[in-house]
Structure formats: C-alpha cells, structure tokens
Amino acid sequence: MQLHNPLGLLGLLSIPVLLWLWRLSATRKEFLIASLVPFEHLLPRPPQRRSRLLVNLLFWIQLAACILSACALAQPAMQRHQAKTTLVVLDTSASMYAKNSGISALSLAKRRLNQWLATKPETEQILLMTSAPVAPVLPRPQSDKTTLVQALKRVEGSHLSGNLASAVRAGSALLRRRPDKVLVVTDELQPAQLDERVQWIGMGRPLSNVGIVAASIEGTFCSPAQATVLVTLQNFSESNSSARLTAAYGAKADTVVAEESTTLSPWARQTLSLTLPAQNTRDFVELTLHAERDNFDWDNKAWLPLSGSSSSSMLLQVDSPSLKETLSEWLNACPAISWYSQPKPDAAANVVISDHTNGLPDSATLLIRLPVVPKPTLSYWVTSLAHPISAYLPPIGFLAAPISTVTAEAPAGTEVVSALFDGMRVPVVVADEHAGIRRVHFFFDPSRNIDSTLSALIFFNSLRWLANETQIKTAGESLVQSDFHSGSVQVRRPDNRYDSIESIEGKARYDKTTLAGLYLFTQGKQNTYVPVNFLNPAESNLIRHASTWQPLPSEKDDSASAPLVLYPLAPLLTGLVLILLLLEWGLHAWRNQKHPKSKI
Amino acid sequence: MPNEAWLTPELIRHLEVLQLSVRWVRSGHTLGGRFPINRRGSSVEFADYTPYCAGDDFRAIDWNLYARLDRLYIKTYKEEIALSVELLIDATASMGVPDLEKFKRCRQIAICLAYVALAEGHRARLSWIQAGRILSSPWFSQRRDLSQMVMISGTVHPQDKLFLPEWLRRAAIALRIRGGQAILLTDGLIRPAEFFEALHVLMIRNMEIKVIQVLSPQELHPARFFRSTTVVDAETGLRHQLAYSPQELEQAMASHNEHLARFCKRNGILFVQHRLDESLESLMTRTLPAHGFLE
C-alpha cells in the first residue's frame, strides 16, 4: 500500500470536528415530550456532564464518510501482481514470405496465432510484437481476444531482417516486467535448449532458393561512358541451378537491354557482369533473375541508379589561393563535372567544396580544414577499407602533407583515413552522414603534399561519395529526396499504399522503407522513382537460416526488476463516500419524516 | 359518513358481535333497556312482595294475600332499563405528542366502544376532557347515529392542560353524570394523585369505571429515543436537562404506569394499556375481551 498524497490524511482532523458537532447538537437539542410527570422524582437530581457521546447510526455513517474521504484524499494505491502476461513475438522478416505449398509462412503463422488466441484464458494479457521491424502491434498488453485478432489481421510482413532476441528484449521493456511466457512464431529453427517459459512455434520448412545477394554499378566518374553492372547471385540449395539475369531501364522495364545466363553450383556465389548501353536519362536499371528451384520472389529483383557524375554540379568556395588553384586544376581535368566558384541564385549545387568552418550548407559538403602550420609533415596514413572513399587506396601509405593535429575539432563520423603522427592517431579524412546530408572533412591540405596522387584519389573518391554516386538503397534505409518544394509529398509504396510526408527546405525524407521495390515521390507534376533493393543473403537463405534467438535473461535478474502494479484506490473510496452520503441523506430524511419535530 | 378509512365493514362486523361487559346495573339508567331490575316498575314480570306503606299505590295491594294473612302487601314488578355509557376522551395537549396518532387512536376506540354499546341497545355519549367549556356529544342510542358520532368526534383536537378532577366535577354537574358506565381514554401522563381523585369523582357518582391507557412505543421506552438531552413538557412548557441512565428512565415510566394500574385494580376498575403499534382491530377483538372490557 502506498500513499501518493500523505497530506490528505490531514482530512482525519474532520473527526474531532464531527464529534464536537454531535456533542453540540446533543446539548442543544430539545425533545418535546407528553409529560415530565413520570420522571418527576428524577428531576431534582442535577444534570451530570456526560463523558460518553450518545450517537446513532447517522453518526457512524458520517464518521465512516470522514475517514474514507481522508483516505481518498491521501490517494492510496495497492500493490498487486499483474495478471499473467504473455509476450508473443511474430517473425515478420522477409523469409516469412517464402512460399510453402502456395501459402506464405507468415499467413500460416497468423492462422496458428489466431487458433492460439481462441484458446487463451480471458484474463491473460498479451503483448504482440513483430520482429521486423521490432515494434509492438498494440501499444500496451491486451486481454481482449477481438482486439488481438483484429490487430493480428493488420500485421504485414516486411523485407527486413528480423531479430527475435531484440523483439523479446523490447517487449520485456514495454511490459516493464519479465513476461510469464514467451511465444515465438517464426521460420527459424528451434534452438536446442529453450527456457521453460518459451514456447516455439516453427513455420515453414527448408526451401531451395536462388537470389541476388549483391549488386553494384561501375563507371568512370569523370567522363560519361557505358555503365557496367556487377550482380552477385547465390544458389542456396544442394543442387545445381541455372539462372538468367536480365536488365531493363526505367520503371516500366519493358525492354531488356542486357542479359546474362549461368549455372550455379550448390551454395555457389557468382558475380555476373552486364554492360549497359550509354544513356543520358537520369533513371535506374531494373535487374531480374530467373532461376530454377526458386521459392522466394523478393530477392529476384534489384534496381540500380544510373545517375551519372555529369549531372553533378559543384560549388568551389575556397579562400586559400593555393588550394583553390589546385582544386580548380583537378576539377577542370574532369570534363563530366560542372563546377563554379560563385553561387548561382537559380540552382543549388549538389556538392559544396569549402574551407569555411562556419555556416555549413545543407547540401553535401567537402570541408577542408587547413592546418595552422602549412608545413608538410611526414606520417603514415592508415585507411579504413570499409568506406567507399577508401576505394583504390592502399591500407597503409606514407605521405608528406600538412596535417591539422587539433583532434578536438574532429567531428563525429567514420575515420576513413588516419595519420600516425608523433605517436598519436590523428584523423585525416572523416566521412559523416547525418539526416541524409553527407559531409567529408579533410584535415590536411591537399595542395601542399609531395605526392598528389593519393590526395587526388581521396578528393575524387570523396566527391563521388558526396555526389551520391552508385548509392544503392536497401530496405530499412531512409530515403532522402531533394528538389521538392516545401509542403506535402505523396509517397507510393511498392504495396501501392500511399503515405504523405512533409518536404522541409526542399528535402523529403521517408523512413518506412520496409519493402523492397520502387517508391514514387510525387509533388504536383514532379514524380521521382526511388528504388529500394532487397539484397539480404541472410533472409534469402531458406535452408540454413541464421538464428537470431538468444536465451532469455536469468530469472534471478528479472525477478529483482519485476515491478508490482499499483492499483489506485481513490476512485473506489470516493464511490464509497458517495454511497455513504446518499445512505445518510436517506436515513436522515426518514428520521425527519418519522419524528418531524423531535417529539417524543 | 366522512372519509374514515379505518372504519371498515369488516371492523363493524366484528363490533356487531361484541358486547360491553357489565358488572352490575345501577340506578340512574333510563327505562326501556334490556337490563331488568327489581323496582316498582310497570312491567308484567312479577318480582316480589313488599309491605304496604303509606303513599303506595293501593291498586298494587294483593287482596288475596290480605285475606289469608290479614296484612297488606303490594306486588312489585321487574323494570327494564338501558345502560348509559359515558366515553371520556382525554384531549389535553399531551395527547398530541409525539404525534396526533395517539389522540386519533383514542377517538377510534371511543367510536368503536360506542358502536358496541349502540348495537347492544344501550346509549352512549362522547365527552372530551379539554380546558374551557365542557365539550360533549348528545346521547346516541341507535346504530345509525354512527356517522354523526364520527363527524362530531372529528372536529376536536388536543390542546392545553387542565386539572382532571376539577373537570370531572364540573362535567358531572353539567352532563348530569350519574350511574351507568364510564370509559376513560387517556395516556395517563398526569400525576397519580390527580388520576385517583378523578376516578373517585366518578365512583361517587355510582359509575362503573373502565380505563384504557393509550401510549406510543416511544413513551413506553423513552431511553431508546432520548437520554442526555433537554426535554420540554408539552403541557407545562417546563424544560429539563435529563442526565439519567437508560435504566432509570425506563424504570420511571414503568413505575408510573404500574402505579396507575395497581390503583385501578385495587378499586375494581378495569385497566388496559394499549400500545399504538397494536392494531385497532386487535385491541377490539382480542385485548379488550381478554381484559373483560368486552364479551
């Protein structure tokens, strides 16, 4: 029992007031009687001061009302254990779309869950979670079967990777206690050892599959030329499988512009190269895989953007003369890039190259932070090979260039290149992407180094990354589209549903990319297709599905943090007070009617 | 008949079969009743012989007896007289406390007893014990007088205080009360001495007296309703702060009533205490016959 407002107990002071009122009433009350004659022999005795208050039922009702009112003011709450709670995790990952005898595993799972819900006890609280994305279907646990069935009906799968362990952790956090039971409905294989609280319902069975697991488009950055598409296929089965890959331009994809066939050995991964004819439209190419023993459709498509560097416009805003001269020479050497040094009022640059540290623009920016001392320093450069900027760069290099050693200025992001200098690791190139805006920070002066090849390579790789070159979006990533007016932008999803988002300062951001396919951004007459690819080998592998399950935390830890539920008693007490007051009113009225003038 | 819901045909049927108990018939009754007495009356039923005195009607001399005994005797005959029933209803202020139900019940009892008397061939009269002039109804002698009796009795309300013996003395003179039966309907909440003196006034008037004490349950058990409070006498207006134990209050009331009952018993007066929570029908058909009021 807890009191949320202990000061409310001051209301108990009304009890002495009630007693005083009753004593005052008793002393002032007069009864009219027929005659004092029967009591005449008692009259000579002087009235005694009575110590005991004479009360009737009205007094006890009023006393109870006072006490209950004071208790209600104190807002008591009773601690009780919650009803039995079950956390249901429904796997909605992409692999649940695999067709098993014509019906998807997700449909089977929903059917099984419906049957399970029909037999659950009425008081059992259910929190339904999906694993891809990890989110609750209903905001709080529910015991109503109809609500749960309706919510389950609305659940749709996604083309994302699922994570059962994350779903269990998130569900437990939402419940604010350890669930009494965890029900997992998934196509993943059941772990060998399961906690006794966990009930595992397996869906589907191992299926062969052939899918696109990676795709990229290559082309020269500085001159328009034929694009080459590199597509990696994998055979997720125990037998050979023939595969044919076709490429077509545009959203309609009605004309095949390239085609390649191959035979994939069991579990073999093979990269096919398709050379696409030159085209100047800013569009994308659609890749389609036709293969034997294929039980999963969503990994048979991929879309690659064809936006060339020729369409990129760059603004060079550099104050340092030497740096400006060097960068101008480099940019002039690249005929596909259109650049200018003065901002154009009618067009915004795709990439801004600047050495100003203040007032960063909202577009992709290459920010060169010139060192205070322009003297070249000899140091080892270490490259992080995981980032696109580090393409064609050696893992470790040796370079003499002026380096800014003020590490406090280093922004958050990926250190693409670092220098080992004076026993310290100093960031040299840092790439950062935040809210759809890419920025690359140079902490060296590219115009004053001895070997300009490495600097130029880093510079052009950075420009390529900043210009969004060869960016392939996959399901789950945010889509940021520019060149919109401020206002509402309609987004048509691959499942033909529409969402409305707001364009802020020309940029429209869409986060709910749960499905792979073409997303159409529409504002007025402006239509922009943005492809989102599946490219998820883990989900494409329907035979050896990687488990995302983790054992539940030990009960000892959970029981310590399992909270008790507080049930407020104030409404109940207030209701009781009202009932007592009504009873008191009725009793008082009845007594008044019976003895209207206090006569005996 | 005025709207008297309590006076139901069923109650009247019950009253029809009842009759007043009469211990003895005394002088002062009117002739023409059903009670025969030894009197030099004019009926045909022979009663006795009595020696002739000067002034007797010599037509009543039995000459045959004179021939045999040589002494003059006259014949006496039975005389049939009617019983006079005086119903005395207490209408002082105390009868209106705690409510008028007590006074109403007295009125109902009086009407019922009067009807019993009328049905039996007696005559009855209602009188209200009240300050001021003597308030009394005319004599009723027939059943059809019931409606008039009800109407007249409905106009009286309890008020004021009086000295009961004094009122009875005045009433005895004014109403020529002598002989017959007097039924006193009261709450008995007067000093016992006054009560005894009042009954003596009736006794010396050669009346057969019956007393019905009507009390409410609150009056019988005062401790249940007031203890440590100020009580006000309805008649005198006196206030007193009671500070007695419940047992003392109950005992005082019981002692008072016991005192009245004992006096009545000692003087051959029928005494019945009636609680208001007992129904009128029960009183008339069970309680009063059980106590010898009715037969």
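Two salt bridges are counted between chain B and chain A. This is a predicted model, and side-chain atom pairs count only at pLDDT 80 or more. A:Glu40 and B:Arg191 form a salt bridge across the two chains. Their closest N and O atoms lie 2.6 Å apart. Polar contacts also cross the interface: seven residue pairs, both partners at pLDDT 80 or more.

Which elements of chain B give two or more residues to the side that touches chain A? They are α7 (217-220), β9 (230-233), β10 (239-241) and α8 (246-266) of chain B. The largest share comes from α8(B), with five residues. By class, this side of chain B has 16 nonpolar, nine polar and nine charged residues.

Now the extent of the interface. On chain B, 34 residues are in contact with 26 residues of chain A. Together the two chains bury about 2900 Å². Carbon and sulfur atoms account for 64% of that buried area.

Next, chain B as a whole. Its secondary structure comes to nine helices and eleven strands. The chain has 295 residues, and 53% of them count as buried. Its accessible surface is about 13700 Å². Of that surface, 50% belongs to carbon and sulfur atoms. Contacts within chain B often span the sequence. Among those between residues at least 6 apart, 76% join residues at least 24 apart.

One salt bridge in chain B shows such a long-range link. The side chains of B:Glu4 and B:Arg107 meet at 2.7 Å, N to O. B:Glu4 sits in the segment before α1 (9-16) of chain B. B:Arg107 belongs to helix α3 (residues 101-119) of chain B. The two are 103 residues apart, so the pair links distant parts of the chain. Are these partners buried or exposed? B:Glu4 is buried, because its relative accessible area of 17% falls under the 20% cut-off. B:Arg107 is buried too, at 9% relative accessibility.

A second pair in chain B has another setting. B:Asp57 and B:Arg59 form a salt bridge through their side chains, at 3.1 Å, N to O. B:Asp57 is partly exposed, with a relative accessible area of 37%. B:Arg59 is exposed, because its 70% is over the 50% limit.

Salt bridges in chain A can also share partners. A:Glu156, A:Arg493, A:Asp495 and A:Arg497 are joined into one network in this way. Within this network, the side chains of A:Glu156 and A:Arg497 meet in a salt bridge at 3.6 Å, N to O. Where does each partner sit? A:Glu156 is in the loop between α4 (145-154) and α5 (164-175) of chain A. A:Arg497 is in the loop between β28 (487-492) and β29 (498-504) of chain A. The pair links distant parts of the chain, 341 residues apart. Both partners are partly exposed: A:Glu156 has 48% relative accessibility, and A:Arg497 has 43%. Both count as partly exposed because their values lie between the 20% and 50% limits.

Over all chains, the structure holds 26 salt bridges. Among them are the A:Glu40 to B:Arg191 bridge between the chains, the buried B:Glu4 and B:Arg107 pair in chain B, and the A:Glu156 to A:Arg497 bridge in chain A.

Methods:
Residues numbered from 1 in each chain as written. Chains lettered and ligands numbered in written order. Heavy atoms only, no water. Salt bridge = Lys/Arg side-chain N within 4 Å of Asp/Glu carboxyl O. Helix = DSSP H or I, 4+ residues; strand = E, 2+ residues; numbered from the N terminus. Buried < 20%, exposed > 50% of the residue type's maximum accessible area, 1.4 Å probe, protein only. Contact = heavy atoms within 4.5 Å. Areas by Shrake-Rupley, 256 points an atom, 1.4 Å probe, with all protein chains shown as cover. Buried area = accessible area lost by both parts, 1.4 Å probe. Polar contact = N/O pair within 3.5 Å; in protein donor to acceptor, adjacent residues only side chain to side chain. Nonpolar A, V, L, I, M, F, W, Y, C, P; charged D, E, K, R; others polar.
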